[in-house]
Amino acid sequence: MWSDNDMPSHSRPTSAGAGRFNRITAGALLAVLVAGATLSAEDWPQWRGAERLGIWTETGILREFPDEGLIVKWRAPVGGGFAGPAVADGRVFVLDYAETDPRTMDGNERILALDEESGEVLWTRAWATTYRMLMFSYASGPRATPTVDGGRVYLTGAAGRIFCLDAATGAVIWEKDTRAEYNAYVPVWGTSVAPLVDGDRVIFVVGGEPDALVMAFDKHTGEELWRALEPRTEMGYSQTTIIEAGGAPQLIVWHPWGLSSLDPATGALHWEEPFPGGQAPIADPVRSDEYLLVSGFYTGSMMMRLSADRPDATLLWRDEGSDRILEDGVEVAEADGLHSNITTPLVVGDYIYGIGSHGHVRALRKDTGERVWEAEGLTTRNRWGSAHFVRHEDRYFVYNENGELIIARFTPEGYDEIDRTRLLNPTSRTGYGPSRPGSRSRRRHGQSDRLVVWAHPAFANRHVVVRNDEEIIRVSLDETDYLGAR
């Protein structure tokens, strides 16, 4: 159990991983210094960055990893959790959990605010909760990345508690217990959708009965502004996003029975396309020009075409059935298409790139969903295999479930890996095999228990911040930190 006085230990920067690195010459050093005034820096204040697009636009970033490894600026201890960090205004915000009674699955969730430069704990805020309604194999901690906006931090716990806190002090500005106040049904893998700030509103996926799957609150006071959609099953795990299409803003919500577009100002329904297929839509919807893609483990993929003159959409194509390959009743692969799990796919030009349900990388044609190529090696070749894609200039930083950071390119011709290094050891169990003291061993789909890192990284101010169930670290990707390295 942790306390508010827990502090990280500090030492000389250490190295994480190894790779290839070309020496930066004196000429390159001069060029960096001359251009210093134009080097950009940016925060990562919410899930997948400022616009939730998984795009990192900073300059002065390493092109390859040094042989000596990356510099870890600091390490700080944390408890369990799948929630990635947010970085804003000189602070790193991360959620964790400590169990107090394993018999009842009671414990405390917590948010920590750390100094971005030193890793010093600035403040913490904890609250009592229970995980008894969650699948016990995944009772590690909170799922949803905090959202920082206007000096406030918005967050949701795995059991449905939501908070608005003062980002500087951790003081509670307002809070909601969605189970008690809105009859919310907590999904089996925990409430996972990060708060979305839109103007003076903050939008949560609540799962409230009978008509509050999605709710908007005044971000300053917590006053309810609107509620929308009837929860027919669980709320799902896919993050919400707002797009501009058809001359109007559209709040896109992908849930277990389909894809909905709402007016973010009122919650009114613009359009909806049924796409039922299990409890677990997880990957984000992806918009590219007039195209809108969703892809799920149980559903496969569906592509919508957005209307140009009104907030509407038509179905372009979708997978018919899951096309999963079974051997002796055990799922071992998928036949075609793309069945994303945690990994949000990419839509680049005329092609879709993603990680399928068994950890392989696939490319599909955007207009038809036809498979173009398949590759292995980016992440674990196993059921639920996953990674996170973040675009930077002409390449992608990929953080896989083994705690490895990869620089790669995806093209119509194939997958091109440029470099790879390890940042953290995986610590979270996937749910296969024994998971709690006294529980019987269980194996699903022929897979054995394995450890993973599923928390999304934060790329901010030329560093990457990552966490597992034991520590959070800040690692430099700033090329000036490696001048003279070979």
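In what order do the 4 strands of the open sheet, β3 to β6, stand? Before selecting them, note that this is a predicted model, in which local features need pLDDT of at least 70 and side-chain atom pairs count only at pLDDT 80 or more, while totals for chains, interfaces and linings use all residues. Residues are numbered from 1 along each chain as its sequence is written, and side-chain values use heavy atoms, with hydrogens and water left out.

**The whole chain**

Begin with the entire protein in a cartoon view, where there are 2 helices and 37 strands; helices (H or I, at least four residues) and strands (E, at least two) are DSSP runs, numbered from the N terminus. Of the 486 residues in the protein, 61% are buried, a word that here stands for under 20% relative accessible area, with exposed meaning over 50% and partly exposed in between (1.4 Å probe, protein chains only). Among the contacts with a separation of 6 or more, 58% come from residues 24 or more positions apart, a contact being heavy atoms within 4.5 Å.

**The open sheet**

Now select β3 to β6, and the order reads β3-β4-β5-β6, with antiparallel pairing; two strands pair if DSSP finds at least two bridges between them. Because β3 (86-88) and β6 (121-130) each have a single partner strand, they stand at the edges, and one side of each is left without a neighbour in the sheet. From one strand to the next the twist averages 25°, where axes are lines fitted to C-alpha atoms (for helices over the stretch in contact) and angles run from 0 to 180 degrees between N-to-C directions.

At the β3 edge, 3 bridges join that strand to the antiparallel β4 (residues 91-101), and A88 can be found opposite R91 in β4. Moving to the other edge, β5 (residues 106-115) and β6 run antiparallel and are joined by 9 bridges, with L114 standing opposite V121 in β6. These two strands, β5 and β6, form a hairpin with 5 residues between them, and G119 in the turn has a positive phi of about 80°.

**Aromatic side chains**

Next, show the rings of Phe, Tyr and Trp (its six-membered ring), which pair if their centres lie within 6.5 Å, planes under 30 degrees apart counting as stacked, over 60 as edge-to-face and the rest as tilted. The structure holds 21 such aromatic pairs. One of them, Y154 with W174, is tilted, at 6.3 Å centre to centre and 50° between the planes. Since Y154 lies in β8 (residues 152-156) and W174 in β10 (residues 172-177), the pair ties together parts that are 20 residues apart in sequence. Y154 is buried at 0% relative accessibility, and W174 is buried with a relative accessible area of 5%.

Then select Y351, Y353, W373, F389, Y396, F410 and Y415, which form one aromatic cluster. For a charge over a ring (NZ of Lys or CZ of Arg within 6 Å of the ring centre and within 35 degrees of the ring normal), go to R383, which lies over the face of W384 at 4.7 Å from the ring centre. Another stop is F397 in β30 (residues 395-400), a buried residue with a relative accessible area of 0%. Its C-alpha atom is separated by 8.9 Å from that of R409, 12 residues apart along the chain.

**H255 and L229**

Which residues are in contact with H255, leaving aside its neighbours within four places in sequence? They are L213, L229, M235, S260, E272 and P281. H255 is found in β16 (residues 248-255) and is buried, with a relative accessible area of 1%. Its side chain makes a polar contact of 2.7 Å with the side chain of S260; such a contact is a pair of N or O atoms within 3.5 Å, where within protein one must be able to donate a hydrogen and the other to accept it, and residues adjacent in sequence count only if both atoms are side-chain atoms.

From H255, step to L229, in the loop between β14 (224-228) and β15 (241-245). The phi of L229 is near 75°, a positive value in a residue other than glycine, and L229 counts as buried at 16% relative accessibility.

**Backbone stops**

R52 also has a positive phi, near 60°, in a residue other than glycine. Look for R52 in the loop between α1 (26-34) and β2 (70-77), where R52 is buried with a relative accessible area of 5%. Finally, select E209 and P210, which are joined by a cis peptide bond with omega of about 5°; P210 is in the loop between β12 (201-208) and β13 (212-218).
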